[in-house]
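Thanks for sharing this one. Here are my notes, set out as numbered points to read beside the model.

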Amino acid sequence: LAYESQGDVYYAAKEFPGYAKLSGQNLDELEAGARVDVAEIKRDPMDFALWKAAKPGEPSWDSPWGKGRPGWHVECSAMSMKYLGETFDIHTGGQDLIFPHHDNEIAQSEGATGKPFARYWLHNGYINVDNRKMSKSLNNFFTIRDISTEFDLMAVRLFMLSVHYRSPINYSRDLIVQAEAALSRIRNAHDLLSRIADAPWGEAPRETAFTASLPQYRDRFKAAMDDDLNTADALGVIFDLVREANTVFVDGGSAEGSAAAKGLLEELLHVLGIQLKAEAPIPQEVLDLAEQRQAARAARDFAAADALRDQITALGYVVEDTKAGPVVK
């Protein structure tokens, strides 16, 4: 399916059975030059380069057709086949690469091997910045390195997962701040469950029904992920779990029930790659102030207790009064 022309080598695209089967393009309706290069040395405008003859000053390699370089479609097939084999499971890329790039990858790869190239294709939507497409020309792009200096990268991951990967996503500082707040809700629920797992205080009235329903959360999460990796709905299941766990265990519960809920939460977060960082140990100074505040409350000296709370807050911590006693965070 390849032919040489003036030192270039082209692929006769229309002669490959099922060409453009990924994009579903109607080749008869495509206008020459719209998304394909038109050149007099090609037999058909749809044909694409497998090898390009060298131009002055370009890197080049020897070949049966003279010095030249691979076409950019060939580079991708060569790399994936070297490391993943002639057939592999998942090929990803942006939606703008479906045609002609991925159609051409399929044609040249399957034309060469006679085997299926990739079993599943996952094409992501565009990232917009303040409702405008991210691009270098608009100078509105950012790098992970840039935003890691300001935001928790787990919050950025949570933000990216909040929209289905095939849909466009709009990046803004406000949305990342919201994602950080959402991540805090997850971490706080995990902390709550961790404390109860270490200190059995008896069984809350709703706990038995909640723990019995935990398999349903897993099933809902799995159904969402099985639906073309619908991470947005999967996250919705996690937040339902967090909300119910907070309600059930706010006043305590059994070590067994809270441990089961905590285990499921960790399992689902692990699937999405969301890591809950271990919090740094609370300074002894803060713990001492919390003890003094609790003693003041027991003595009904609420003015002193409030003053101690203010000192704790000034140090960057808060005290939450729970049925099981005060919790410093």
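1. A word on naming to begin with: helices (H or I, at least four residues) and strands (E, at least two) are DSSP runs, numbered from the N terminus. Leucine 183, for instance, is found in helix 5. This is a predicted model, in which local features need pLDDT of at least 70 and side-chain atom pairs count only at pLDDT 80 or more, while totals for chains, interfaces and linings use all residues. Residues are numbered from 1 along each chain as its sequence is written, and side-chain values use heavy atoms, with hydrogens and water left out.

2. Let me stay with leucine 183 for a moment. Buried means under 20% relative accessible area, exposed over 50%, and partly exposed in between (1.4 Å probe, protein chains only). Leucine 183 has a relative accessible area of 1%, so this residue is buried. Its C-alpha atom is separated by 29 Å from that of aspartate 288, and the two residues are 105 apart along the chain. A second pair for your distance checks is serine 148 and glutamate 256, whose C-alpha atoms are separated by 37 Å, with their positions 108 residues apart along the chain. Serine 148 is found in helix 3 (residues 144-148) and is partly exposed, with a relative accessible area of 34%.

3. Now the helix pairs. Two packed helices are described by the angle between their axes and the distance between the axes. Here, axes are lines fitted to C-alpha atoms, for helices over the stretch in contact, and angles run from 0 to 180 degrees between N-to-C directions. The axes of helix 7 (residues 231-249) and helix 8 (residues 255-271) come within 11 Å and cross at roughly 160°. Helix 7 is therefore roughly antiparallel to helix 8; angles under 35 degrees count as roughly parallel, over 145 as roughly antiparallel, 65 to 115 as roughly perpendicular and the rest as oblique. Helix 7 passes helix 8 in a left-handed crossing; a crossing is left-handed if the near helix is turned anticlockwise from the far one by less than a right angle, and right-handed if clockwise.

4. Helix 1 and helix 2 (residues 98-113) make another pair, with axes that come within 9 Å and cross at roughly 60°. These two helices are therefore oblique to each other, and their crossing is right-handed. Do look at the backbone of helix 2 as well: proline 100 has its place there, and a cis peptide bond joins phenylalanine 99 to proline 100, with omega about 5°.

5. How many salt bridges does the structure hold? There are 19, where a salt bridge is a side-chain nitrogen of Lys or Arg within 4 Å of a carboxyl oxygen of Asp or Glu. One of them joins the side chains of arginine 187 and aspartate 152 (3.1 Å, N to O). This pair links distant parts of the chain, 35 residues apart: arginine 187 is in helix 5 (residues 173-198), and aspartate 152 is in the loop between helix 3 and helix 4 (153-161). Arginine 187 is buried, at 15% relative accessible area, and aspartate 152 is buried as well, at 17%.

6. Aspartate 228 forms a salt bridge with arginine 166, and their closest N and O atoms are 2.7 Å apart. Aspartate 228 lies in the loop between helix 6 (207-226) and helix 7, and arginine 166 in the loop between helix 4 and strand 9 (169-171), so the pair ties together parts that are 62 residues apart in sequence. Aspartate 228 is partly exposed, with a relative accessible area of 31%, and arginine 166 also counts as partly exposed at 31%.

7. A local example is the salt bridge between aspartate 226 and lysine 222 (3.0 Å, N to O). Both residues lie in helix 6, four residues apart, about one turn of the helix, and both are exposed. Elsewhere, salt bridges that share partners join Arg293, Arg297, Arg309 and Asp321 into one network.

8. Which residues that are not glycines deserve a look for positive phi? Glutamine 6 has a phi of about 55° and is found in the loop between strand 1 (2-5) and strand 2 (8-11). Glutamine 6 is exposed, with a relative accessible area of 65%. Alanine 20 has a phi of about 70° and lies in the loop between strand 2 and strand 3 (48-53). Alanine 20 is buried, with a relative accessible area of 3%.
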